[in-house]
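Reader: I've got this one loaded in my viewer and would like to talk through how it packs. Shall we go helix pair by helix pair?

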Amino acid sequence: MRLVLPSLLALSACDADDELPRSSATEPTIAMDIPLPPVDTDTPTVPPETTTTTTTTTPPPPPPTTPVCETDICVVYGAAVPAVSAGIVAAAAVDPTFADFFAPVVAGGGEAALAASLTDFITDAYGCTTGAYTGASMEDAHAGMGITQQEYDDFITLIAGVLLGAGVPEDDVNLCFAPPLVDPAFSATIVGQ
Ligand code: HEM
């Protein structure tokens, strides 16, 4: 009886030799020289900035408001204007600053007429009436008087004093009555004429 085992083994060995070598010490390697950036070890590493978002819940303060006249001066003071006008003329006539200006009016007995004229002018000026004043323009009424800005300012102070003396609150004097009188466009019709 003959065994065939060795020939099978030989065949098997031959097959093994035909296989490609899987690895060996002499196996060629692929070298990849990729240049890397130099590492700067002297520069300190700055951590990335952190952004903080703050949400404000408090509303911004309102803008400052300019106080304005809140009094309906025609309703509140309309009836008092004739007495106030008479008071202004009377005070001006005896005030050392204005006495010389008003002396001719006083001498001619024209104080009441001037007060009435002033009443009409004032009620028109503050919008309480329209067309009540029929006198001369301010330029013509004060022509040749050479009124200075200082005298004009002092006259405004005199008017404020009469209003305060008549019981008009300071806020109404400053916020309601004064603004149209201190308006340079208006004072220019009287000063320097
Ligand atoms: C708020 C400023 C002033 C106002 C609203 C004012 C208004 C008037 C008005 C309405 C008249 C009457 C005009 C007419 O009936 O034809 C008048 C006359 C007169 N004003 Fe003024 N005036 C002012 C300032 C002054 C000042 C500052 C002076 C003197 C310093 C002055 C002196 C006179 C005089 C003397 C007369 C009488 C003129 C005349 O009849 O011969 N006024 N003014």
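**Helix packing and the ligand shell**

Reader: When α7 passes α8, is the crossing left-handed or right-handed?
Author: Keep in mind that we're looking at a predicted model. With that said, the crossing in which α7 passes α8 is right-handed.

Reader: And how do α7 and α8 run, roughly parallel or roughly antiparallel?
Author: Take α7 as residues 149-165 and α8 as residues 170-182; their axes come within 11 Å and cross at roughly 150 degrees. An angle over 145 degrees counts as roughly antiparallel. So α7, relative to α8, is roughly antiparallel.

Reader: How many charged residues sit in the contact of α7 with α8?
Author: α7 brings Ile156, Ala160, Leu163 and Leu164, while α8 brings Glu170, Val173, Phe177, Ala178, Leu181 and Val182. Sort them by class and you get nine nonpolar and no polar residues, which leaves the charged count at one.

Reader: On to α3 and α5: what word describes α3 relative to α5?
Author: Helix α3 spans residues 81-94, and its axis is 8 Å from that of α5, at an angle of about 125 degrees. Between 115 and 145 degrees a pair is neither roughly perpendicular nor roughly antiparallel, so it goes with the rest, as oblique. That makes α3, relative to α5, oblique.

Reader: How many nonpolar residues does the contact of α3 with α5 have?
Author: From α3 you have Val81, Pro82, Ser85, Ala86, Ile88, Val89 and Ala93, and they meet Glu111, Leu114, Ala115, Leu118, Thr119, Ile122 and Thr123 in α5. Three of these residues are polar and one is charged; the nonpolar count is ten.

Reader: α3 also packs against α7, so how many polar residues are in the contact of α3 with α7?
Author: Here the axes are 9 Å apart at about 130 degrees, and α3 and α7 are therefore oblique to each other. Val84, Gly87, Ile88, Ala91 and Ala92 of α3 make the contact with Leu158, Ile159, Val162 and Leu163 of α7. Eight of them are nonpolar and none is charged, while the polar count is one.

Reader: Now the ligand: which element gives the most to the shell around the ligand?
Author: The shell counts 18 residues, and Ser117, Phe121, Gly135, Ala141 and Phe155 come nearest. The elements giving two or more residues are α4 (99-107), α5 (111-125) and α7. With four residues, the one that gives the most is α5.

Reader: How many nonpolar residues does the shell around the ligand have?
Author: Split the shell by class. Three residues are polar and one is charged, and the nonpolar count is 14.

Reader: Last one: over which residues is the pLDDT below 50?
Author: The chain averages a pLDDT of 83, with 71% of the residues at 70 or more. Where pLDDT is low, the predicted coordinates shouldn't be read in detail. One stretch has zero contacts in the model beyond near neighbours in sequence, and its pLDDT is below 50: residues 1-29.

Key. Residues numbered from 1 in each chain as written. Predicted model: local features only at pLDDT ≥ 70, side-chain atom pairs only at ≥ 80, totals over all residues. Axes fitted to C-alpha atoms, helices over the stretch in contact; angles between N-to-C directions. Parallel < 35°, antiparallel > 145°, perpendicular 65-115°, else oblique. Left-handed = near helix turned anticlockwise from the far one by under 90°. Contact = placed C-beta atoms within 7 Å. Nonpolar A, V, L, I, M, F, W, Y, C, P; charged D, E, K, R; others polar. Near = placed C-beta within 6 Å. pLDDT = per-residue confidence, 0-100.
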